Amino acid sequence: MTWWKRLWRRREMEEQLEKELRFHLEQHTAELIAQGCNPEEARRQARLELGGPEQVKEKCRDARGTRWVEDLWQDLRYARRTLGKNPGFTAVALLTLALGTGATTVMFTVINGVLLKPLPYPEPDRLVAVHSHTDTWNTAVYGEQNVAYLDFLDCQRESRSLEMGGMLFNGATLSSPGKPEYVDLREITSEFLPVLRVPMFRGRAFLPEEDRAGGAPVAILGYSFWKSHFEGNEAVIGTQIVLDDKVYTLVGIAPATFRPGDQEPDVLTPIGQDTAKYLQNRRAHPVTVFARLRTGAMLAQAQAELALVGHHLAEQYPDTNAARSFAVQPLRPDVGDVRSTLWLLLGAVTLVLLIACVNVASLLLARAVSREREFAVRVVLGAGRRRLIRQCLTESAVLGLSGGALGVLLAAIGIGPFVKFWPGSLPRAEEVHLDWHVLLLAILVSLLSGFLFGLAPALRAPVGQLEQTLRAGARSVVGSSRRLHSVFVASEIALAIVLLVAAGILGRTLLRVSSLDPGVNTHNLLVTRVALSPGTLADPAKIRVAWKDILDRAGRVPGVESIAAVDTVPMREGNNQLGYWTTADVPPENQLPFALATSVTPDYLKVMGISLREGRFFNDEDRIGRDPVIVIDDVLAQQAFGGQEAVGKRLWIPDMGPGPFQVIGVVGHVRHWGLASDDQALVRAQFYYPFAQVEDALLRRWSELMSITVRTGIAPLSVVEPLRRELRGATGDQVLYEVRTMEQLASATLGTQRFLLLLFGIFACLALLLACIGIYGVLAYLVSRRVPEIGVRMALGATARDVIGLVLRESLEMISAGAGVGAIAAVVAARLLTRLVAGVRSTEPWTFALMVSVLVVAALLASFIPARRASRIDPISALRQE
Amino acid sequence: MQTKSDLPQGTLDLLMLKIVALGPVHGYAIAQRLQQVTRDVVQVPQGSLYPALHRLENRGLLAADWKETETGREAKFYRLTRKGRTQLETEAASWQRLSEAVGLILRMAEGGAE
């Protein structure tokens, strides 16, 4: 019989044991009687020879080898009973722990989903990304460089160890079926889906023969877009759609998990059918390359192969590929800058959990001290020290695990709202849910915290000097217990100070950056992208007419005061960073200083409310064929020309043509990177150039990027529908998308700060509350134990004031010790915040002082209640108690 | 409570295995037989008999069934398992060697060691 079977059939085993021993006794007795004993005497003798039946049974139970489980069971039942006897204590402890573990579990769930989980494709560790690399490329500014389409094809053909697939970000207007809509289009190679091993939701992936010029035009729908635009109708496969005036046949639907680059595409088409010129140019590198290591192949091998390919290409095409190589890196989920926010929050919840543990520990300790007598009695009755410690720890483990279970419940409820509340959208949000990893961690954390807060009381529970303990009853505070209590209170205060100071600094930062001048007038300003009618895109002249038409028509919409077109909008995603130089001998690209380039129409300055400092802004005369002109902001003026007069000077901007560009005006700086982040941004300087001077060859690409900004006299969102109707265009397929107000954009740039402040604020309040409960509980307990002593003092003439002073002094000692340690820790935390959160300044002495004093005052208030109670002790009855 | 028997360590197990090897037998009969065999030599407290039996059962050396005795009462009868028999044989053999060796030394003539 295995041990668990023996355990399972414990009752049966007990019965059999009983029966076996009874049989033995009866048999023996009968034999003795047969030998002539009288029955009474025979029974006595049989019993005597066997030994005490209970002891024999105990020994037999020990022989079963399941003893520890039975003890555990007993301890568990005992723990439940003792906890049940103190419902107040149990409820407070459970709630505290549930909040602590709940918050930790939520944070870990998010971190697990966003940062730790591998990509949702089979064998994710075999997936790699391939980047181009040139020495002149400024990775700090631009990020990793993608790959030219022709280079991709060469790499793909030459590599033995990699299965490669490419993807191109694009956009298009879907004009049929249904309402015209601008869609997120990805052009992919036929290998792209197979490389990721993405199983199609319906239909099939692209065939190799479809991924080349002249192949049958086919398209695949993204799952969400299929649900929204096609109402999830599976019969769409085989039907036709019109994308930028070209007819495609739908062959499949991608699964919902397909989110390359953490964004679900709306429509996929084969890249090989795209005849755009820039795809045939090795200088342009628009293709995102994902690859999979073939069985047995190593990363270094793949890297070596591609290095060789790069070398050959450099010899073959020295113009474009001279210094270009290719780098292979493991493919990782792209989660942007949430990493630091998440770890910061995990740190904060860990502090809350620690405070919760300390709080419960001090409660438990107080209880353990009052249970000293109970423990002493048990030791006298034969309980070993180990056995008592084990029992204490079982009790705290029960507390910890039940608190943890409640916490997981809280987390399960709270995780949805938390993700929804995340500013902007949480990357990989679809991966965030409670799973076994999280549950395991939650159990571990609860057990660990149970151990943590149970250890101190457990270790001090069965102290020696039993006699003294038994005689003194429960009326003395042993020195070590008072010290331990002080340590608990001090650490709670210290932990709470860290959270309070962090919250204070975040609040101060938010106040400060909210009042900063964004450089534009955000009030009553609407921003929306416009996708021109696909029919106009082929002809540059038509494009120019279309934009002029848009501005004219929009200006006629009631409520619209002025309107302009612009390629990159401040405080929205997207920017164009270009190198510039002040003389004609321009150095290599990676040595150039950078500035943000923005193409605009003449009314832009007026619409945005940007201030003109010197010179003039653009007018209708600044168009193609005239001298190229630019307007710079005061940051660039300072950066490029020092304090000198900038108007009339010239700049060389290699990416915009041979130049030079004449500076005709200086305008105020706009916080392009957002209110908080702009000060720390790598590239802050800005210049504007006329949209009318964009070359014909680039016009189509630029048109795809353009937005309009609309100054309104009424609530900006109320003009959206009239604007939409007015700008539909002659063919009805000109659409507005990404409609925002400037106020929304500005506010969104502070989303992270606001979110952090809210959470840190909640955590800090929780910490403050827990610390106050902790200090109140400890003092109330200490006072109650000192009733006789205080009675004596009062009998000897101490006044109520003296007694209050006595208690408050004691509490102040603990508080100041905690505040000292906490202040040091808070300085470190503040440093961390400065590094991780945009806009935070390292020194905020006033905030610091304010937050520390808030805590000290609150803690003193909490200690005042027990102090007052102590001062009201009646000396006579106190002495009588002794 | 007395926990040690005066038998050398491990001998009780060997004796019980041997007694059970003679045929299925219940606890009381084992105690009787043990007493008969060792009455004058060693003292086996009956209290340590049952824990020892249960331990052997848990180790799989003995198996037990509930059967009727000749007097018609139900009792727990122990019998030797295959594993128990192997154990008995090896232990008996090693005991034999040990006691022969000890006996040899003890039988040596006083002057023989010189």
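## Chain A, its cores and its side towards chain B

Chain A contains 29 helices and 21 strands. The model is predicted.

**Overall form.** Along the principal axes, the C-alpha atoms of chain A fill a box of roughly 130 × 80 × 55 Å. The radius of gyration of chain A is 38 Å, whereas a compact globule of 882 residues would have one near 29 Å. Of these 882 residues, 42% count as buried. Among the contacts in chain A with a separation of 6 or more, 82% are between residues 24 or more positions apart.

**Nonpolar cores.** In soluble globular proteins, nonpolar side chains tend to be buried together. Here the largest nonpolar core has 227 residues, and the members that touch the most others are A:Leu499 and A:Ala767. These two residues are also in contact with each other. Beyond its neighbours within four places in sequence, A:Leu499 has contacts with A:Ala348 and A:Leu351, and with A:Phe760, A:Phe763 and A:Ala764. Another core, of 20 residues, lies apart from the largest one; B:Met16, B:Tyr28, B:Leu49 and B:Leu56 are among its members.

**Helix H19 of chain A.** This helix runs over residues 540–556, 17 residues in total. At 1.5 Å a residue its expected span is 24 Å, and the end C-alpha atoms are 25 Å apart, so the two values agree. Which residues of H19(A) are buried? They are A:Ile543, A:Ala546, A:Trp547, A:Ile550 and A:Ala554. Because these buried residues cover an arc of only 95° around the axis, they sit on the same side of H19(A). An α-helix has 3.6 residues a turn, so residues three or four places apart point the same way. The face of H19(A) turned away from the buried side carries exposed residues, namely A:Ala541, A:Val545, A:Asp552 and A:Arg556. The cover over the buried residues of H19(A) includes three strands of chain A, E11 (525–531), E12 (560–566) and E20 (707–712), together with helix H22 (696–705) and helix H23 (720–726).

**Backbone features in loops.** A cis peptide bond, with omega about 0°, joins A:Ser176 and A:Pro177. A:Pro177 is located in the loop between strand E2 (162–176) and strand E3 (181–188) of chain A. Two residues other than glycine with a positive phi are tabulated below.

| Residue | Phi | Loop in chain A | C-beta neighbours within 10 Å |
|---|---|---|---|
| A:Arg197 | near 60° | between H9 (192–196) and E4 (202–203) | 14 |
| A:Asn524 | near 55° | between H18 (479–514) and E11 | 19 |

With 14 C-beta neighbours inside 10 Å, A:Arg197 counts as partly exposed. A:Asn524 is partly exposed too, because 19 other C-beta atoms lie within 10 Å, and a residue counts as buried from 20. The loop that holds A:Asn524 leads to E11, one of the strands that cover the buried residues of H19(A).

**Contacts with chain B.** How many residues of chain A are in contact with chain B? There are 19, and they meet 14 residues of chain B. Helix H2 (10–34), helix H3 (39–50) and helix H4 (53–64) of chain A each supply at least two residues of this side. By class, the side of chain A that touches chain B consists of eight polar, six nonpolar and five charged residues.

Notes:
Residues are numbered from 1 along each chain as its sequence is written. Chains are lettered from A and ligands numbered from 1 in the order in which they are written. This is a predicted model: local features need pLDDT of at least 70, side-chain atom pairs count only at pLDDT 80 or more; totals for chains, interfaces and linings use all residues. Two residues are in contact if their C-beta atoms, placed from the backbone, lie within 7 Å. Helices (H or I, at least four residues) and strands (E, at least two) are DSSP runs, numbered from the N terminus. Ala, Val, Leu, Ile, Met, Phe, Trp, Tyr, Cys and Pro count as nonpolar, Asp, Glu, Lys and Arg as charged, and the others, Gly among them, as polar. The radius of gyration is taken over C-alpha atoms; the globule rule is 2.2 Å times the number of residues to the power 0.38. A residue is buried if 20 or more other C-beta atoms lie within 10 Å of its own, exposed if 12 or fewer, and partly exposed in between; C-beta atoms are placed from the backbone. A nonpolar core is a set of buried Ala, Val, Leu, Ile, Met, Phe, Trp, Tyr and Cys residues joined through C-beta atoms within 7 Å. The expected span of a helix is 1.5 Å times one less than its number of residues. The arc is that of the directions from the helix axis to the C-beta atoms.
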